[in-house]
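Biologist: I am new to this structure and would like a close look at a single part, the place where two helices cross. Please take me through it slowly.

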Amino acid sequence: GSSNLGAPNVSCKQTRSRQSQARQRDSSRKARGTWGLEEGSEGGEEGLDRPTRSLSPVECYGHSLYHISAALNEAEDCESSGLSDEGANASVGLRASEPSSPKKSFMAYTSAAAVLGQAPKEQLQQQHQQQSQAESLMQLHLQPWRRQELKQQQQLQQQQAQALQQNRQKLEEQNRQKMQEQQQRMQQMKQQQEELQRRQAEERQMREMQMMQRQKEQAACLFIRRVVQKLRAVTQETFDGIQQELLEVLQEQLAGCGSQAEAMKQEAESQLQQARQRLEQLEEQRKKMEEQRAELEKNKKEAEAKAQKLLKELATHVEAAEKAKESVTEQGAVFADKSFLELKFSDLESKAEALQRTAKEAKEKIKVCTDQVLAKGVDMRVSDMPQATPPVDGEERFKLSALLGRINECTKAVDKTLTDAKLAKEKSLKKDEAQKKVQALDVIFKRYDGDTDGFLSRKEVEKYAKGEYKFDLPKAVVDELFKVVVGSDKGVKKADFQRLKIAVGIAREQAKDEKRKADRIEKEKRLAKLKEDLTEKIAEVGKEVDTAEGKVAKAEEDCQGLATKAKEASAEEMVELANGADELIKEAKEASAEAKKVVTALSEGIEAELKVWLIGEQKHMEFRTGRFDMRIAKANLLASKCREDAKKKAAEELGAIEKKAKKMLKYHQKAKSLKNEDLFAAVDTDKIDRVSEKEFLAFFASCEKEPKAEKKEDGDDKKDPTEDEEAPTDGELKRLFVKLDEEEEGSILKETFMNFIRTYMKVAKETVLTSESGIKDSKTLRRLEVGEAVEVLEGPVEEEEVKVMRINAKAMKDGMEGWVSLSGNTGAIFLEEGAHVFKVKAETILTEAFLLDGSGVSDVAKKKLSTRKLKVGELVECLVWPNKEESSGLMRMKCRCRSDGATGWVTTVGNQGTVYLEVA
């Protein structure tokens, strides 16, 4: 406790911790059931053996006074050592909460805490005095052993006070040393700051001096550059002055440029040199321009002289044209006014011809002028530009524009005169023709004026109509004519003869109208009769169209049902259905053609008036018959599709037959351990390298047959699709025989039969080709790569030791023969079927023969082989493995198309390496 009281920096946190510990101890003591500690209990001071008993109230009071006195002493020590009131209170509380003797009671502890926590310093001092008095009173009542304890406590307190005093002195000494060190550091910092300020002032002064120096250098450089800038705009006249000024400025200011002196000197010399070069270039350019200007001036003068010479020549031609124009104008003056109407047409025509001749001469002279302008116009246009030299007094200079104006005036004048002459001639001609018509009318009038009295009587008028127009003028018309035209006169006078002519014309037209009306009525009757006949004919044609439409509909309906019927029909039945549909289509085509022919014949020999009416009826029937072709074509397409589907189904059926037949052959071959050659020998009983139909059927009847699988008893419904496959019937075998009889000679060639029984397999996983059927004793011939094809020669047979199926095969890649396993003993598949199926990779052609020129194929074989295109992605089955065609270098293969059964030869690999087909 004394060490804590002597420390100057006791924290409040430590004080609170100690108070909390004291409260916990007090609580534990309270739990024991006594207000004070029992003597001799655990935790007694210094391990004294004291009798166990409870403290009396007087002892508790004495202990309380003791602790209060100790707290007051500690408070004074804290105050003297510089602790705050809060630290002092904490120290006092701590001291009060930690009694030095277990004899103090809970009441004494709480009393001390109350005094420490609430009483101010004066109150504590008063209580201290009271405590002293109480102690003096209590000394009389204390027992000897208690006095001894109090004495020891007082000694301990004195020792603690001495230690506190020593600690206080040490602390003061430490504080004094710290203050001295702090003052020394402050002094050092002040000196360093003064040194820093001195250095900053020196650096600032140096920078100012450097700035002033740079400003002086920049000013000198600027002064020099101002003079240098003048060199950029220098001329030949100002060059010497500016050069002298630059030298003077360099002499005065170059020394002040400092580090830039050398650069400024080089810049000045460079600019001076550039100025000299620029002036030299300008001088050269000026001389060249002067030479060019002189040359241009010379050329311009020459061009002007040439132009004047040409213009003078043109002016001569223009004057000649103007004289010719004046002659034309003088001759055409008669046509300019209406005086030409007084001339006879013959005289006017002669004058016009003379004018044409004169105008032609004028136009020729004008053409001479225009031709010269076109030929030399470029050279003569110089005259319209500003002249290089002014004209000499009395010199006549021509301009092209003026001469062109004169030429145009001549052309316009001549054209106008000719136009006037043409119009005058036309007017004179019309006048002459009118006079001739009047004279002709006078002649006619005199011809029919028999009594020469100047009037035409009724008889004379009728005679006029009959004689001139062969028309008998009706009496009513004559009466009306005399009433309107003649009036009170005794006949038609000469002045009204034209009106008489018009009246006769009207009468003639009226008579013609009457006749036309009668003809029209007669024609309408005739057309009505023809229309009735034509209507009956149209009805008959309609019946024929209906009949044809019925046949078309029947063919159409039959063809539409082909797809449904073909699903359940065989290939032969489908062909019969297609043939029946073709017959119906043929009948429909014939009926349609006949109906069209009859409809077209309706308009033959028909009156034009009836054709308009007939077109409507005919169009309706033509529309109906026109649709026949489309419907028949659709039916024909369906029938053709049925026929193509029949071919495909026939190919599928034949493929199934081939599969069953080949399976039986292979089983017999396996059962008898025969090679392909031996198998053919077994079928060819008469040994002529040909198999007849009888031998073919006999072999299949007597060959080894695969036994049927027994019915499974475990109820498994899954079946192998080949279990219930029946052997081909005789009819199916005959179909197969016909297919294999390529030459149609009633027998199968050995080559064809061998190709039929060949089996090809494809390498599914890399394996090896060995020399023997047994794996142990054989050696490896070579490895077989994935995708490689092999031909089965013998087998499959079971290998005895490893128990795997092996075949004797030939690699199609190089022809090497050996033994290979179909699968491994662990289930790995090495060979699989399908090597005979090829897929088209690039479009190519299916041809009839192995050779490209088509030779070497019989006519019978050509009928069976097909020529068509093979599309990309199409599948074909190999019949003869690809071989090289020597003449072209192509790899050729005989195949059958899966889509339609077409058979022929195809190129698999081109001579440039292009792959057309590959194993699917």
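Modeller: What follows is a description of one helix crossing and the aromatic rings around that topic. This is a predicted model, in which local features need pLDDT of at least 70 and side-chain atom pairs count only at pLDDT 80 or more, while totals for chains, interfaces and linings use all residues. Residues are numbered from 1 along each chain as its sequence is written, and side-chain values use heavy atoms, with hydrogens and water left out.

Two packed helices are described by the angle between their axes and the distance between the axes. Helix H13 (residues 458-469) and helix H15 (residues 497-560) have axes that come within 11 Å and cross at roughly 65°, where helices are DSSP runs (H or I, at least four residues) numbered from the N terminus and axes are lines fitted to C-alpha atoms over the stretch in contact, with angles from 0 to 180 degrees between N-to-C directions. Val461, Tyr464, Ala465 and Tyr469 of H13 meet Phe497, Leu500, Lys501, Val504 and Arg508 of H15 in this contact, which means heavy atoms within 4.5 Å.

Phe445, Tyr448, Tyr464, Tyr469 and Phe497 form one aromatic cluster. Ring centres of Tyr448 and Tyr464 lie 5.6 Å apart with planes at 80°, so this pair is edge-to-face; rings of Phe, Tyr and Trp (its six-membered ring) pair if their centres lie within 6.5 Å, and planes under 30 degrees apart count as stacked, over 60 as edge-to-face and the rest as tilted. Tyr448 belongs to helix H12 (residues 400-448) and Tyr464 to helix H13, 16 residues apart, so that the pair links distant parts of the chain. Tyr448 and Tyr464 are both buried (under 20% relative accessible area, with exposed over 50% and partly exposed in between, for a 1.4 Å probe and protein chains only).

Terms used: Helix = DSSP H or I, 4+ residues; strand = E, 2+ residues; numbered from the N terminus.
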